[in-house]
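Grab a pencil and have the model open next to you. Can you work through a few exercises on how the pieces of a structure fit together?

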2 protein chains.
Amino acid sequence: MARWEPDARGRLETAAMDLFRERGYVGTTVEDIAARAGLTERTFFRYFADKREVLFSGAKELEKSIVLGIAGAPDAVSPLEAVVSAFEAAGAELEDRRDIQYVRARYALVTAHAEIQERELIKLAALAVAVTKALRARGVPEPTASVAAEAGIAVFKIGFERWVSQKKPRDFARHIRAAADVLKAVAAERKTTTVPHPKKKSTRRA
Amino acid sequence: MARWEPDARGRLETAAMDLFRERGYVGTTVEDIAARAGLTERTFFRYFADKREVLFSGAKELEKSIVLGIAGAPDAVSPLEAVVSAFEAAGAELEDRRDIQYVRARYALVTAHAEIQERELIKLAALAVAVTKALRARGVPEPTASVAAEAGIAVFKIGFERWVSQKKPRDFARHIRAAADVLKAVAAERKTTTVPHPKKKSTRRA
DNA sequence: CCTCCTGATGTCAGTTGCTGACATAGAGAT
DNA sequence: ATCTCTATGTCAGCAACTGACATCAGGAGG
């Protein structure tokens, strides 16, 4: 017989999300969360570095999945393609495993509270570092690896936003792919699509 | 005769930087900063939303400069080119106005402390939003505007990092341009290739 | 069976970031 | 002379977070 109820971490996570939905993020204290999970505030901080961190349990898995996806891409695939493909796969995974209502609620929290968004952004930055390392392991040199990683993150951000903002989110991979195509177009074009007669010389900014 | 010493905000900013250098970020309390500036903690929080914010006085100006740069770019210039050019110009401005020692010390703080880095990242995200709006004002449609903005930010991040990591930082604009070129290569290529490191004589010159 | 040790949890006191409410006082306006 | 305005001070208080130490069921080894 276990001495304590199992899965304290998981209990804290669900208690937190439930309370955030009921009373909002600011209206919920860490003590509240711990109490609902049948624990104390001190124990909460043994599992999570701070109040926000309780919302980011999936970050580690996501990173692993993406790093594996990049490592497993065929050799002939370009860096950006490898990154985008890994994001597609990881996104589809998330789409299957997570309840869309949960993803929506969490996304609402992130957009509504700057402090949570800050944490989200630093997680993405850490993901960029991991992606860079995965690319370097494929033999991609710097600064190509960093640029491909950051560009990939940008694609992921925009793809995710547009996916989650749909009435009925689906086809995560399609949104990623679409954002990647836009990136390619944006990086390729030298001028605006409608350019009848070049009047000014394109004096490069000095 | 002024009732109070002038420029309370500026005094708080310099007091903060000085103390961060002397005792480190965590070793400095807001009360310390206020005391050195001849003020009280409460007054500090009237000027800055929180302790970190005292390090981000330049963000507003940077954003303005970049938005103006984008708005002022010739019509024929592509979205990404407009963004990159604006970053080049703003970077050169910063290079002129700010002491390199200050930039270095601040950069060290950002990289050393996750909480400060979080703030930096959310400022960049806000900048991306502003850039997106500036592009939309040029008639660039979504999602092209968002993608160009995020890609531009990525270029700026990497360009800045490489610039500030030099023994003697100079030619900010060249680093931005180099990162942008890498991005174009990365977005264009179908297979792995090696992109040469930015050298003095880069690909383009005006 | 006894003992010791381990590890998850609790208790408690303390610091710091940050906020709301209210007070103060000099400079300028009427 | 009084009035107002506004930057600042004072004070009380909450919530996030930390360090130090206590507890106690259960497993390991004798």
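Below are five exercises, each with a worked solution.

Before you start: this is a predicted model, in which local features need pLDDT of at least 70, side-chain atom pairs count only at pLDDT 80 or more, and totals for chains, interfaces and linings use all residues. Residues are numbered from 1 along each chain as its sequence is written, while chains are lettered from A and ligands numbered from 1 in the order in which they are written.

**Exercise 1. Work out how chain A is related to chain B.**

Step 1: Superpose the copies by least squares on the C-alpha atoms of residues with pLDDT of at least 70 in both. A rotation of 180 degrees, with 0.0 Å of shift along its axis, puts chain A on chain B with an RMSD of 0.1 Å.

Step 2: Name the relation: that is a two-fold axis.

Step 3: Look for the C-alpha of chain A nearest the axis. It belongs to A:Glu118, 2.6 Å away from the axis.

**Exercise 2. Describe the side of chain A that touches chain B.**

Step 1: Count contacts (C-beta atoms, placed from the backbone, within 7 Å). You get 43 residues of chain A against 42 residues of chain B.

Step 2: Find the elements. Helices here are DSSP runs of H or I with at least four residues, strands are runs of E with at least two, and both are numbered from the N terminus. In chain A, helices H5 (79–97), H7 (114–137), H8 (144–164) and H9 (172–188) each give two or more residues, and H8(A) has the largest share with ten.

Step 3: Sort by class. Ala, Val, Leu, Ile, Met, Phe, Trp, Tyr, Cys and Pro are nonpolar, Asp, Glu, Lys and Arg are charged, and the others, Gly among them, are polar. This side of chain A comes out as 24 nonpolar, seven polar and twelve charged.

**Exercise 3. Find the residues around DNA strand C and DNA strand D.**

Step 1: Take residues whose C-beta atom, placed from the backbone, lies within 6 Å of the strand. Of the 16 around DNA strand C, A:Ala8, A:Arg42, A:Thr43, B:Asp50 and B:Lys51 come nearest.

Step 2: Ask who gives the most to that surface: H3(A), with three residues.

Step 3: Repeat for DNA strand D. There are 16 residues again, with A:Asp50, A:Lys51, B:Ala8, B:Arg42 and B:Thr43 nearest, and H3(B) gives the most, with three residues.

**Exercise 4. Explore the largest nonpolar core.**

Step 1: Call a residue buried if 20 or more other C-beta atoms lie within 10 Å of its own, exposed if 12 or fewer, and partly exposed in between. A core joins buried Ala, Val, Leu, Ile, Met, Phe, Trp, Tyr and Cys residues through C-beta atoms within 7 Å.

Step 2: Among the 78 members, those touching the most others include A:Val155 and B:Val155.

Step 3: Leave aside neighbours within four places in sequence, and A:Val155 is in contact with A:Val84, A:Phe87, A:Ile176, A:Ala179, A:Ala180 and A:Leu183.

**Exercise 5. Hunt for unusual backbone spots in the loops of chain A.**

Step 1: Check the loop between H7 and H8, where A:Pro143 sits. The peptide bond from A:Glu142 to A:Pro143 is cis, with omega near 0 degrees.

Step 2: Move to the loop between H8 and H9, home of A:Asp171. A:Asp171 is not a glycine, yet its phi is positive, about 55 degrees.

Step 3: Judge its surroundings: 14 other C-beta atoms lie within 10 Å, so A:Asp171 is partly exposed.

Methods: Contact = placed C-beta atoms within 7 Å.
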